[in-house]
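Here are a few notes to go with the model, written for someone opening it for the first time. Have it on screen while you read.

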Amino acid sequence: MSLLDLSVCLSFVLGVGFLGYVGVIVTGFLRARPDAPGDPSGYQWHFVVPCRDEEAVIGTTLDHLHRRFPTARLWVVDDHSVDRTAEVVRALGDAGLPVHLVQRRLPDARTGKGDALNAAYHALEAWLPPGTDPDRVVLTVVDADGRPSPNLLQVLSGPASFGDPAVGAVQVEVRMSNRAVAAPLPGRGRTANARARLLARLQDLEFRGPISAMQITRRRTGTVNVGGNGQANRLSALRQVAAETGDPWGRALLEDFELGLRMMLAGRRNGYTTTAWVEQEALWSVRQLLTQRVRWAQGSMQCARYLPRIWRSREFSALGFLEVGYFMAQPWLQVVGLFAYLLPIGVFGYHAWAYPEFTADFLSHGGALLLSLYLVLGVAEFAIWGPLYRRRCERDIGRGSALGYGLALAVYAAGTYLVAVRAFWRLLRGNRGWHKTARTASVAVN
Amino acid sequence: MPATALSGLPARPATRSRPGRLGMVCGPLSLALAGLLVGGEHLYRNLELTAVAQLATHLLGLRTLLLPSPHAPVLYAGGPEGMERGIALTTGCSSALLIAPFALVLGLLLLFGHRRPGRLLLALGLAVALIAGTNLGRLTLIVAMQHRYGSAGFEWTHVLFGSVLMMAAALVALLLCLAVVARGSAPAEDVAP
């Protein structure tokens with residue numbers, strides 16, 4: 001067996017496997033229906049907003065949250081900001097907003113978002129009066145620029161969310177607030193702005209398309225996981241998870257994914273809904289996006305240490321184990337896949353140069369059609385999300401634009417291979433630094 | 001930690017069944033099969049090409065000659081007018097490495113625990129039958145097309161039609177296995193709180 005033979009077989013297996021996976025999640029995505037609302041008055045609602053140098057946005061965010069959800073309390077974790085974040089929060093508290101400032105100072109600050117959220121958790125626990133029913137207390141994590149949908153509390157109270165006692169956490173759909181900004185980079189050229197606009201739109205498509213579809217499928221497998229923005233947690237479930245180490249959130253770079261796993265290991269079910277959502281800023285810079293995604297991939301790789309516990313756990317079904325295993329294997333498979341796909345392509349390229357007649361013979365006897373089929377399938381499994389995005393999420397965009405976004409998504413997705421390799425390299429070198437994603441400049445929607 | 005420990009909720013029944021005797025026996029066997037298919041794929045290829053030779057002889061009425069080789073077994077087939085160009089079965093054209101992942105994953109699921117381990121074995125059997133059978137059919141078709149149309153028949157069948165056939169078979173096998181695993185796996189929404 002040569003390395004080329006192995007690569008050919010591996011690329012075939014990985015390709016067919018991914019194609020099947022896309023088929024499964026697209027089916028679930030198309031079948032999804034809205035979730036029924038519930039009565040939020042039976043719960044105590046808390047928003048947790050971790051912050052570091054967010055003076056530009058935190059004030060408007062807190063004001064927005066209070067106006068939209070007047071019964072909710074707001075917990076802002078100031079992770080040793082050097083700007084006026086704390087002053088802004090205090091001023092709003094003095095003005096009568098139900099806001100709590102949880103300040104962290106170096107050296108006990110900037111140690112990761114998980115630690116910041118744990119600080120808020122402990123502060124909330126200390127604040128709650130004795131006898132509070134933890135099953136009726138919900139903490140929702142929102143980014144400093146986060147904008148939850150108006151129906152958030154009603155949907156979270158519904159029978160598919162916290163209305164079901166088994167549910168410990170719920171993730172809502174994530175949307176990009178700046179997906180329709182016409183001139184994201186004023187002062188820069190037309191090309192830079194077009195690229196930034198496309199990048200924002202692709203992030204919106206990604207979250208509301210394939211990521212949402214994966215989560216919808218996970219409702220069937222019982223392995224829904226939570227993200228960094230728009231994750232709502234029942235306090236009793238957080239206590240259950242915290243019983244192990246004292247803190248609910250861990251120290252992986254993907255602390256939200258880690259929490260979701262720990263929730264499942266604790267016997268809780270996680271919910272997911274597209275009926276409510278949270279909006280956040282998309283990144284307009286490719287470099288920032290790659291940095292963010294490398295962190296996510298590395299965080300996912302770090303969570304591989306939970307696989308033995310998942311294996312031993314009785315809380316996962318066989319299908320759930322399969323799903324979690326496949327998802328957690330993704331970054332690793334991408335590292336392998338990069339070489340498995342590139343080697344045969346490289347050998348083909350060499351043969352085309354060294355043996356042009358042989359290659360021409362191959363192409364003229366079905367080879368060209370076969371390669372075209374591979375290309376079409378390889379692109380189509382991403383491009384399909386463009387029309388699906390238009391159909392289910394953004395009916396205002398044109399059919400041509402939708403197809404264009406889908407094709408762009410195929411290029412966008414190719415970047416994940418480089419992300420996986422970089423994350424793997426960082427993991428090997430023991431780099432665990434947390435790079436907070438810089439805030440993009442806010443521009444009024446045109 | 002059970003849900004009753006802290007919250008007062010009734011304990012959720014465990015979602016997963018422990019592996020029974022069937023799972024504990026067949027799980028390692030399935031994993032061993034995966035290992036054998038990878039480590040012994042050269043032997044598998046010889047067996048595969050032997051089967052193709054039999055099909056070419058009995059179904060197509062051709063004369064066949066099978067030559068083992070250190071790199072790839074070679075099958076010569078032809079009619080009364082003589083043997084055509086030999087067909088070498090390389091690793092990339094064998095079903096061994098396509099079946100191995102199914103044996104690996106289903107073996108792990110058998111060991112992990114499933115309410116219906118018999119269904120997993122059925123899924124494995126179907127996947128093996130589908131992929132191995134389709135590859136035998138593909139190879140026999142290649143022999144037949146070469147006999148009928150010569151070099152062009154070989155090229156088109158080998159390069160295009162055979163590849164598409166195998167892709168379809170692998171995809172069907174995958175979706176079939178997923179459906180079988182899903183049916184016997186406790187769906188989260190059916191577990192009573």
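1. Start with charges across the interface: between chain A and chain B there are zero salt bridges. Keep in mind that this is a predicted model. Polar contacts hardly add to the tally, with one residue pair counted between chain A and chain B, both residues at pLDDT 80 or more.

2. So what do the two chains share? Chain A brings 49 residues into contact with 48 residues of chain B. About 4200 Å² is buried between chain A and chain B, and 71% of that is on carbon and sulfur atoms. Three residues to click on are W311(A), R314(A) and H365(A): they supply 16% of the area that chain A buries against chain B, more than any other three residues.

3. Which helix gives the largest share of the side of chain A that touches chain B? That would be helix 12 of chain A, with eleven residues. Helix 12 covers 356–383, and several other helices of chain A supply at least two residues each to that side, among them helix 1 (3–31), helix 7 (235–245) and helix 10 (307–312).

4. W311(A) is worth a second look. Besides its part in the buried area, W311(A) is linked by ring pairs with F321(A) and F112(B) into a cluster.

5. Now for the aromatic pairs: there are 17 over all chains. One of them joins F207(A) and W296(A), edge-to-face, at 6.2 Å centre to centre and with 90° between the planes. F207(A) sits in helix 6 (residues 190–221) and W296(A) in helix 9 (residues 286–302), so this pair ties together parts of chain A that are 89 residues apart in sequence. Are the two rings' residues buried or exposed? F207(A) is buried, at 12% relative accessible area, while W296(A) is partly exposed, at 25%.

6. Another edge-to-face pair is W332(A) with F424(A), at 5.8 Å centre to centre and 75° between the planes. This pair also links distant parts of the chain, with W332(A) in helix 11 (residues 318–354) and F424(A) in helix 14 (residues 399–429), 92 residues apart. W332(A) is partly exposed, with a relative accessible area of 30%, and F424(A) counts as partly exposed at 27%.

7. Last, two arginines placed over rings. In chain A, the charged end of R136(A) sits over the ring of Y43(A), 4.6 Å from its centre. In chain B, R85(B) lies over the face of F154(B), at 4.6 Å from the ring centre.

Notes:
Residues are numbered from 1 along each chain as its sequence is written. Chains are lettered from A and ligands numbered from 1 in the order in which they are written. This is a predicted model: local features need pLDDT of at least 70, side-chain atom pairs count only at pLDDT 80 or more; totals for chains, interfaces and linings use all residues. Side-chain values use heavy atoms; hydrogens and water are left out. Rings of Phe, Tyr and Trp (its six-membered ring) pair if their centres lie within 6.5 Å; planes under 30 degrees apart count as stacked, over 60 as edge-to-face and the rest as tilted. Helices (H or I, at least four residues) and strands (E, at least two) are DSSP runs, numbered from the N terminus. Buried means under 20% relative accessible area, exposed over 50%, partly exposed in between (1.4 Å probe, protein chains only). A charge sits over a ring if NZ of Lys or CZ of Arg is within 6 Å of the ring centre and within 35 degrees of the ring normal. Contact means heavy atoms within 4.5 Å. Buried area is the accessible area (1.4 Å probe) that two parts lose on being put together, summed over both. A salt bridge is a side-chain nitrogen of Lys or Arg within 4 Å of a carboxyl oxygen of Asp or Glu. A polar contact is a pair of N or O atoms within 3.5 Å; within protein, one must be able to donate a hydrogen and the other to accept it, and residues adjacent in sequence count only if both atoms are side-chain atoms.
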